[in-house]
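Please work through the exercises below with the sequence and the model side by side. Each one sets a task and then goes through a solution step by step.

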Amino acid sequence: MAAAAVHSLLHLPAALIPSRHPAPSLLRLPSRRFPLQLRSSSSSTSAADLTAFPSANGILAAEPIDVDAATEAELRENGFRSTRRTKLVCTVGPATSGPAELEALAVGGMNVARVNMCHGDREWHRDVIRAVRRLNEEKGFAVAVMMDTEGSEIHMGDLGGASSAKAEDGEIWTFSVRSFESPLPERTINVNYDGFTEDVRVGDELLVDGGMARFEVIEKLGPDVKCRCTDPGLLLPRANLTFWRDGSIVRERNAMLPTISSKDWLDIDFGIAEGVDFIAVSFVKSAEVINHLKSYIAAKSRGSDIAVIAKIESIDSLMNLEEIIRASDGAMVARGDMGAQIPLEQVPSIQQKIVKLCRQLNKPVIVASQLLESMIEYPTPTRAEVADVSEAVRQRADALMLSGESAMGRYPDKALSVLRSVSLRIEKWWREEKRHEALELQGVSASFSDKISEEICNSAAKMANSLGVDAVFVYTKTGHMASLLSRCRPDCPIFAFTASTSVRRRLNLQWGLIPFRLSFSDDMESNLNRTFSLLKARGMIQSGDLVIALSDMLQSIQVMNVP
């Protein structure tokens, strides 16, 4: 192979490419520390390689491979190309907290279970988290757990224990900061913020849950604010409240509230103790908040790899968007609350901007809020909702999230099925119509070693598309190289092998990654032979499949057919 051809294929600096290559199929690019290999192999597999491999302490081990049960069934039934790349997050609530309901969601494709600390007590959430962990252990799933903090923005109380309340046009409701014994007086709502009556003015507009209902302030009486309903709607417990004056949101007081409240810190302690995989922080205003929380987690639980997700849902978040995303481990486009703070017509373009920026910075991004809102009550979505989901998939977001649809909706399984089927169809269309998407990704690596890993992943993705490989295999200790591959959005699925259970679950949020737990060594030949044997035995791959294999230990690329 000519040097120019290798350079074109691998996109490596010309200085790394020797002028001539030896005849054998193994091509070694000269580097004192970072050997890069391009190998074509059809060698036979020895029995020893299939049953044992060297562990870190030198003792031969033969652990099985851990495969997500739903993914395994999908691969067996549909093959490599039909696997879903977009990940699915389901909020767990009263409709889905039982073991049977959680299992139905996992079978249906749930990758991450979200618990929302706005609702329920910690004991309830503890039961859900442990039920998810038991499901993983007993049924063979790899569902991650995300804990979502409440935040300190202004919101309603618990509606006196009622699951919801309906506000009709013209009705007079009381929003009060006083404490009531249950049941609440008729058409009365508690507000969590003591300064509410001082800040609001007669004539202000009060939006509930981003505009799901709208009120006009008509009178202030001590701790009570009398409001007339101008847009009827359903009121849910602990819904967010925003108030507008002269066509603009009143945000001065919200800007003074802390991002992480005293209750949030207790919830975060709870999440750390329960070993959640992600903590999503509500109403993030600056990168400083994210950095502070990361330092706290590191001090509180040394060795913990809990990822911090920044929820982008306020004007402050948008003003400091790039610094927040750089500091975080991922982002959530929380369109409901965002739509209460910016003009509605700006939400689609803001969503696209956030999704694109997250991909550029190699941070997973979740598109959330009202994706299939009508399915809380009805068994089929509106066509507009399907188009909305399709657009998020077309933008190549890492994940889509169900909120009320799965937490309290009448048809959680059907809502998840809609997300899954729409994702599969749009991904298939993208591969057919937009094949070999041009990679225009900026560099994200700080060190020379990381830059080599990044170049290897960019090259591997291009090779995968050019050669039409069936899958990319990546052996990773921390998940970083798998994340870099996901960022490239190759046409084929990415099999990410890691020895860490927590890394495996965390990778389950990222686009295109199929995470496996597998102990492996620095010997790539042994790793590959053993992996081929284990996956073939389970019917997940077959002889002749073409794969590209990468490793973040050796920083290498190999191309081979499964023997």
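The exercises that follow deal with aromatic rings, a nonpolar core, a helix and salt bridges.

This is a predicted model, in which local features need pLDDT of at least 70 and side-chain atom pairs count only at pLDDT 80 or more, while totals for chains, interfaces and linings use all residues. Residues are numbered from 1 along each chain as its sequence is written, and side-chain values use heavy atoms, with hydrogens and water left out.

**Exercise 1.** Describe how the rings of phenylalanine 473 and phenylalanine 495 are arranged.

Solution. Begin with the rule, by which rings of Phe, Tyr and Trp (its six-membered ring) pair if their centres lie within 6.5 Å, and planes under 30 degrees apart count as stacked, over 60 as edge-to-face and the rest as tilted. The model holds 13 aromatic pairs by this rule. For phenylalanine 473 and phenylalanine 495 the centres are 5.2 Å apart and the planes 10° apart, and the pair is stacked. Next, place the two residues in the chain: phenylalanine 473 belongs to strand β22 (residues 471-475) and phenylalanine 495 to strand β23 (residues 494-498), 22 residues apart, where strands (E, at least two residues) and helices (H or I, at least four) are DSSP runs numbered from the N terminus. Finally, phenylalanine 473 counts as buried because its relative accessibility is 0%, given that buried means under 20% relative accessible area, exposed over 50% and partly exposed in between (1.4 Å probe, protein chains only). Phenylalanine 495, also at 0%, counts as buried.

**Exercise 2.** Explain why the pair of tyrosine 475 and phenylalanine 520 is called edge-to-face, and say which residues surround this part of the model.

Solution. The ring centres of tyrosine 475 and phenylalanine 520 are 5.6 Å apart and their planes stand at 80°, so the pair is edge-to-face. Tyrosine 475 lies in strand β22 and phenylalanine 520 in the loop between β24 (513-517) and α20 (524-537), so the pair ties together parts 45 residues apart in sequence. Tyrosine 475 and phenylalanine 520 are both buried. The two belong to one aromatic cluster, formed by Phe473, Tyr475, Phe495, Phe497, Phe516, Phe520 and Phe532. Asparagine 527, found in helix α20, touches Tyr475, Phe520 and Ser521, leaving out residues up to four places away in sequence, where contact means heavy atoms within 4.5 Å.

**Exercise 3.** Find which residues of helix α16 are buried and what covers them.

Solution. Helix α16 (residues 412-433) has 22 residues. Its buried residues include Leu416, Leu419, Val422, Ile426 and Trp430. Among the elements that cover the buried residues are β5 (87-91), α4 (99-107) and α14 (383-394). One of the contacts of leucine 400 is Leu419.

**Exercise 4.** Compare where the partners lie in two of the salt bridges, arginine 238 with aspartate 158 and lysine 451 with glutamate 455.

Solution. A salt bridge is a side-chain nitrogen of Lys or Arg within 4 Å of a carboxyl oxygen of Asp or Glu, and the whole structure has 30. Arginine 238 and aspartate 158 meet at 3.5 Å, N to O. Arginine 238 lies in the loop between β14 (233-235) and β15 and aspartate 158 in the loop between β7 (144-148) and β8 (165-167), so the pair ties together parts 80 residues apart in sequence. By contrast, lysine 451 and glutamate 455, whose closest N and O atoms are 3.7 Å apart, both lie in helix α17 (residues 448-467), 4 residues apart, about one turn of the helix.

Notes: Expected span 1.5 Å × (residues − 1).
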